[in-house]
Amino acid sequence: MDRYARWNALLEMLTDNGRVSVEEAAGRLEVSQATIRRDFDQLAQQQMITRTRGGAVANGVSYDLPLRYKTAKHSAEKQRIGAAAAALVTPGTVVGLNGGTTSTEVARALAVRPDLNTSAEGAQLTVVTNALNIANELLVRSRMKVVVAGGVVRPKSFELVGPLGGALLREVTLDIALLGVDAIDPQLGAAAHHEGEAAMNNLMVARAKRVVIIADSSKLGGHAFARICSVDRVETLVTDSGAAPAVVQAFRDAGVHVVCA
């Protein structure tokens, strides 16, 4: 296991438990305690955690981990979700796409579809995004038209937030918005940890004819700080096959079409 994989695992342990000892972390990751101490020291220098005697505790920021530390979590499920969500897109449409690891998989799936990359008139896809990494994925791997909303960059997610981006989003119309979320609940709706990201996503919802939420099963029935939209605004939820049947049925009872990839 390389250093970044260890850091990802350590941050997930702290997110789940709040506190982890050096001894426990070394045992679970099968590395030396000296290695874990160095990892904890380096993460503390980045203000990702707080060092304690014999271990570490999570900072509040650990509940909204930077995107580069999230990529390994539920990766197989997110790839399947990305492919299923991309299949909902038809040529010649305008797609809204926000940031996040699941949205990145959607972008990658869109980028390799030949029917969305043809130069024939009317067949090119237009993607409107507020995420720098999404724009990069599409620009280097496809010939789609990419429109980037302006704003201030959030280093944790590479998303642009604030009134500059909002001004652009209010002037466009989206055929379909494919939105990754931090949580979605049949009663509470879709939500994000950061209020700026939620506000940008809410604007995409307001400008979209169809709203598709993309979320792995760990996010179903959960809650986050800032609401993106109510569940009655969601046409489709794309999740993975690990979703609990009762939770899936609750969304269907709320009028949401559920796709389990």
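**Exercise 1.** What covers the buried residues of α1?

*Solution.* Keep in mind that you're looking at a predicted model. Start with the helix itself: R6, W7, N8, A9, L10, L11, E12, M13 and L14 are buried in α1. Now look at what lies over them: the cover includes β1 (19–21), α2 (22–29), α3 (33–45), β2 (49–52) and β3 (55–58).

**Exercise 2.** Check whether the end-to-end distance of α1 agrees with its number of residues.

*Solution.* First, note that α1 runs over residues 3–17, which makes 15 residues. Next, use 1.5 Å a residue, times one less than the number of residues; the expected span is then 21 Å. Finally, compare: the end C-alpha atoms of α1 are 21 Å apart, so the two agree. Just after the helix comes G18, with a positive phi near 85°.

**Exercise 3.** Work out the strand order of the open sheet of 3 strands, and find what packs on it.

*Solution.* Step one: the order is β1-β3-β2, and the pairing is antiparallel. Step two: β1 and β2 are at the edges with a single partner strand each, so each has one side without a neighbour in the sheet. Step three: zoom in on β2 and β3, which pair over 4 bridges; here T50 sits opposite V57 in β3. Step four: add the helices. α1 packs on the sheet, touching β1, β2 and β3, and its direction makes about 130° with that of β1. α3 also touches β1, β2 and β3, with its direction at about 130° to that of β2.

**Exercise 4.** Which residues of the largest nonpolar core touch the most other members?

*Solution.* This core has 32 residues, and the answer is I184, I213, I228, L237 and F251. As for where the core comes from, α8 gives the largest share, 5 residues.

Key
Residues are numbered from 1 along each chain as its sequence is written. This is a predicted model: local features need pLDDT of at least 70, side-chain atom pairs count only at pLDDT 80 or more; totals for chains, interfaces and linings use all residues. Side-chain values use heavy atoms; hydrogens and water are left out. Helices (H or I, at least four residues) and strands (E, at least two) are DSSP runs, numbered from the N terminus. Buried means under 20% relative accessible area, exposed over 50%, partly exposed in between (1.4 Å probe, protein chains only). Contact means heavy atoms within 4.5 Å. A nonpolar core is a set of buried Ala, Val, Leu, Ile, Met, Phe, Trp, Tyr and Cys residues joined through side-chain atoms within 4.5 Å. Two strands pair if DSSP finds at least two bridges between them. Axes are lines fitted to C-alpha atoms, for helices over the stretch in contact, and angles run from 0 to 180 degrees between N-to-C directions.
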